[in-house]
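Colleague: Could you walk me through how to read this model, one feature at a time? I'd like the general idea first and then the case at hand.

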Amino acid sequence: MIFIGILASIAAIGVLCWLLFTLAVFALPLFAGVAAGMWAYESGAGWLGGFVVGAIAAALTYGVGQLLLAFVRPLWLRIGVVLAFVAPAALAGYHATHGIVKHTMPSETWQIVFSVIGAIAVGVTALLKMTTMATPGSPGGSVAHG
């Protein structure tokens, strides 16, 4: 019975890590959506209004980020857009990893070391997802060079 519990715990941690890596790109839109939804709810919009405003804000944040990556030409500006999405993902990775390792390691130093490694891993994953979602072609169409 204990063996089944251990296997179930490993499976649960694996699923949560997979979700974290898969959904890391959406940390900024989620934060924007939650903040806008909470603002709408506190201003009197109710639960439904807060949810709708939050969902619209999250979708707009993600959509504007994708449009900026598709149409902005200067590299420094593209890097800024990507970093705006990667930084919250890395922060979420740090806290998620810290939440796991604080139950398995008594040393606070090693907890921080593994949390930083988790943050780097999630940040790099989000960076790779953001760069693969950006279209490599020019926004005006392809131009033949001859």
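**Reading the helix packing**

Modeller: Let's start with one residue: beyond its neighbours within four places in sequence, Ala24 is in contact (heavy atoms within 4.5 Å) with Ala89, Val122 and Ala126. This is a predicted model, in which local features need pLDDT of at least 70 and side-chain atom pairs count only at pLDDT 80 or more, while totals for chains, interfaces and linings use all residues. Residues are numbered from 1 along each chain as its sequence is written, and side-chain values use heavy atoms, leaving out hydrogens and water.

Colleague: Where does Ala24 lie, and does Ala24 count as buried or exposed?

Modeller: Ala24 sits in the loop between H1 and H2; helices here are DSSP runs (H or I, at least four residues), strands are E runs of at least two, and both are numbered from the N terminus. Burial is read from relative accessible area: under 20% is buried, over 50% exposed, and in between partly exposed (1.4 Å probe, protein chains only). Ala24 has 4% relative accessibility, so Ala24 is buried. Its C-alpha is 8.0 Å from that of Val86, although Ala24 and Val86 are 62 residues apart in sequence.

Colleague: And which residues does Ala126 contact, leaving aside those within four places in sequence?

Modeller: Ala126 is in contact with Ala24, Val25, Val86 and Ala89.

Colleague: Which residues have the most contacts inside the largest nonpolar core?

Modeller: In soluble globular proteins, nonpolar side chains tend to be buried together. A nonpolar core is a set of buried Ala, Val, Leu, Ile, Met, Phe, Trp, Tyr and Cys residues joined through side-chain atoms within 4.5 Å. In this model the largest one has 13 residues, and those with the most contacts inside it are Ala24, Leu69, Val82, Phe85, Ala89, Ala126 and Met130. H2, helix H3 (75-101) and H4 each give two or more residues to this core, and H3 gives the most, with five residues.

Colleague: At what angle do H1 and H4 pack, and how far apart are their axes?

Modeller: Axes are lines fitted to C-alpha atoms, for helices over the stretch in contact, and angles run from 0 to 180 degrees between N-to-C directions. Helix H1 (residues 2-23) meets helix H4 (residues 108-133) at about 45 degrees, with axes 8 Å apart. H1 is therefore oblique to H4, given that under 35 degrees counts as roughly parallel, over 145 as roughly antiparallel, 65 to 115 as roughly perpendicular and the rest as oblique. Leu20, Phe21 and Thr22 of H1 make the contact with Ala121, Val122, Thr125 and Lys129 of H4. By class, that is four nonpolar, two polar and one charged residues, where Ala, Val, Leu, Ile, Met, Phe, Trp, Tyr, Cys and Pro count as nonpolar, Asp, Glu, Lys and Arg as charged, and the others, Gly among them, as polar.

Colleague: How do H1 and H3 pack?

Modeller: Their angle is about 170 degrees and their axes are 11 Å apart, which means that H1 is roughly antiparallel to H3. Ile13, Cys17 and Leu20 in H1 meet Ala92, Gly93, Ala96 and Ile100 in H3. This contact of H1 with H3 has six nonpolar residues, one polar and no charged.

Colleague: Thr97 is in H3 too. Which residues does Thr97 touch?

Modeller: Not counting residues up to four places away in sequence, Thr97 touches Phe114, Ser115 and Gly118. Thr97 is buried, at 17% relative accessible area.

Colleague: Now helix H2: which residues does Gly37 contact beyond four places in sequence?

Modeller: Gly37, found in H2, is in contact with Gly50 and Gly54, and Gly37 is buried at 10%. Val53, also placed in H2, has its C-alpha 5.4 Å from that of Gly37, 16 residues apart along the chain. Val53 touches Ala36 and Ala40, again leaving out residues up to four places away, and Val53 is partly exposed at 30% relative accessibility. Tyr41 lies in H2 as well; Tyr41 is partly exposed at 39% and touches Gly46, Trp47 and Gly50 outside that sequence window.

Colleague: Which element has the lowest mean pLDDT and which the highest?

Modeller: Recall that pLDDT is the predictor's confidence in each residue, from 0 to 100. The protein chain averages 85, and 91% of the residues score at least 70. Among its elements, H1 has the lowest mean (79) and helix H2 (residues 27-71) the highest (93). Over residues 140-146 the pLDDT is below 50, and this stretch has zero contacts in the model beyond near neighbours in sequence. Where pLDDT is low, the predicted coordinates should not be read in detail.
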